[in-house]
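This briefing goes through one model by topic, from a sheet and its packing to single residues in loops. Please keep the structure in view while reading.

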Amino acid sequence: MSQPADFAAFRALSARLGQDPLRVQGPGGNTSIKEGSTMWIKASGTELAEAETKDIFVAVNRDAARAEAHGAGDGTCKATVLDPAQTLRPSIETTFHAALDWPVIAHTHSIATLTHGVAPEGRASAAEKLKGLPHAFASYAKPGLPLTTEILGKINSETKVIVLENHGLIICGESVSAVHDLTEEVESRLAMPPLRDMVEPLNDPVPEGFHWAAEGWIAQSVRACALAQSGSYYPDHVVFLRPALPTEDSDANPPVILKPGQGILLRDDATPSQRAMLRCLSDLLIRLPDDWHPEAIGPDAEAELLNWDAEKYRQALAARQ
């Protein structure tokens, strides 16, 4: 099937976003482009960073996917894939891409947006910084249909910037270049500099199969250490690192173990996605002002993600990277 004239530019934008760990981490985030009744959407478990080197996009019937966004079908949009030989699944977030009436959409897990979006004080600050832009805030909801429903209840026909609390950012536009320019504008307005320095990893002995992670400063900061143990602040942390950060090893073989006052033990065979999510946590916490109070998504939301087949599928694909 034919692709949009600016599909190469769309792939290039997707790759640039995916290659910046302050925008996207591992297999997180997704982009889409529409032409007529066809929408190309990133496949679940693939990485935007590889948008120019691998076939990571799935063509779906946009009308059928939009119908799933409004209650038809099961919300996975697997039945909307146009090529019957396609083995990849469309992103678990296909429904909101289909439901939003913009030709190009980029959804990232922007660190700047996450830092604002996890705390009430940050959300208030973001609302001020985004004044003049057609923006909206959507409360945390499970990715997929619940998130789509939440988004559709908060936007209007002019909304192009959507801050997903405890999740990330959506930028919409008429063209690839418009989405690029608006993304850069939002990132510039929400930019948060690191508030402390990293520390060198310890040289202390480690258990077999582990090494000290570069993000060990978290364990040496009383506040950051407490926050890291207190819960999960966005979905992909749960998916790839499990809830919060444990302080002891267990039969579950956690990829990361927090040692308060010392550092962070990282399992030698941790996947690239797990390593990316540890960096994501560090990048967020190192920018979090002392007078902002982040709110975890909570144990019920964590349980939903842990027991979700769609996320188990994404984990399995990501582990092959």
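Two strands are taken to pair if DSSP finds at least two bridges between them. By that criterion, three strands of this predicted model form an open sheet in the order β8-β10-β9, with antiparallel pairing. The points below begin with this sheet, then turn to the nonpolar cores, two helices and three loop residues.

**The sheet β8-β10-β9**

- The edges of the sheet are formed by β8 (210-212) and β9, each of which pairs on one side only, and neighbouring strands are turned against each other by 25° on average when direction is ignored.
- Four bridges join β9 and β10 in the antiparallel sense; L258 stands opposite I264 in β10, and K259 has G263 in β10 as its bridge partner.
- Three residues lie between the strands in the hairpin of β9 and β10, and G261 in this hairpin takes a positive phi near 80°.
- In a regular strand, side chains alternate between the two faces of the sheet. In β9, V256 and L258 point one way while I257 and K259 point the other way, and all of these residues are buried.
- Helix α11 lies across β8, β9 and β10, and runs at about 165° to β10.

**The nonpolar cores**

- Nonpolar side chains tend to be buried together in soluble globular proteins. The largest nonpolar core of this model has 33 residues, of which I218, Y234, L245, L258, I264 and L285 touch the most other members.
- Two or more residues of this core come from each of α4 (111-117), α8 (217-220), α9 (222-230), α10 (235-241), β9 (256-259), β10 (263-267) and α11 (272-285), and the largest share, six residues, is that of α11.
- Another core lies apart from this one and consists of 29 residues, including V24, L48, A59 and L130.
- What does I218 contact, leaving aside its neighbours within four places in sequence? The contacts of I218 are A224, C225, A228, L258, I264, L281, S282 and L285, a list that includes the facing pair L258 and I264 of the hairpin strands.

**Helices α4 and α6**

- T115 lies in helix α4 and counts as buried because its relative accessibility is 0%, where the cut-off for a buried residue is under 20%.
- A polar atom of the T115 side chain lies 2.7 Å from the backbone oxygen of I111.
- When residues up to four places away in sequence are not counted, T115 touches M192, L284, R287, L288 and W292.
- In helix α6 (residues 145-152), L147, T148 and I151 are buried. These residues are on the same side of α6 because they cover an arc of only 100° around the axis.
- Among the elements that cover the buried residues of α6 are the helices α2 (62-69) and α3 (94-99), together with the strands β5 (135-138), β6 (161-164) and β7 (168-173).

**Residues in loops**

- Most residues other than glycine have a negative phi. C77 and R242 are described here for the opposite sign: phi of C77 is near 65°, and phi of R242 is near 70°.
- C77 has its place in the loop between α2 and α3, whereas R242 is found in the loop between α10 and β9.
- Are these two residues buried or exposed? C77 is buried, with a relative accessible area of 0%, whereas R242 is partly exposed, with a relative accessible area of 42%.
- I56 is found in the loop between β2 (38-42) and β3 (57-61), and I56 counts as buried because its relative accessibility is 2%.
- Not counting residues up to four places away in sequence, I56 touches I41, K42, A43, T46, E47, L48, E50 and A51; of these contacts, L48 is also one of the residues in the core of 29 residues.
- I56 and V179 are 123 residues apart along the chain, and their C-alpha atoms are separated by 20 Å.

Technical notes. Residues are numbered from 1 along each chain as its sequence is written. Side-chain values use heavy atoms; hydrogens and water are left out. A nonpolar core is a set of buried Ala, Val, Leu, Ile, Met, Phe, Trp, Tyr and Cys residues joined through side-chain atoms within 4.5 Å. Buried means under 20% relative accessible area, exposed over 50%, partly exposed in between (1.4 Å probe, protein chains only). Contact means heavy atoms within 4.5 Å. Axes are lines fitted to C-alpha atoms, for helices over the stretch in contact, and angles run from 0 to 180 degrees between N-to-C directions. A polar contact is a pair of N or O atoms within 3.5 Å; within protein, one must be able to donate a hydrogen and the other to accept it, and residues adjacent in sequence count only if both atoms are side-chain atoms. The arc is that of the directions from the helix axis to the C-beta atoms.
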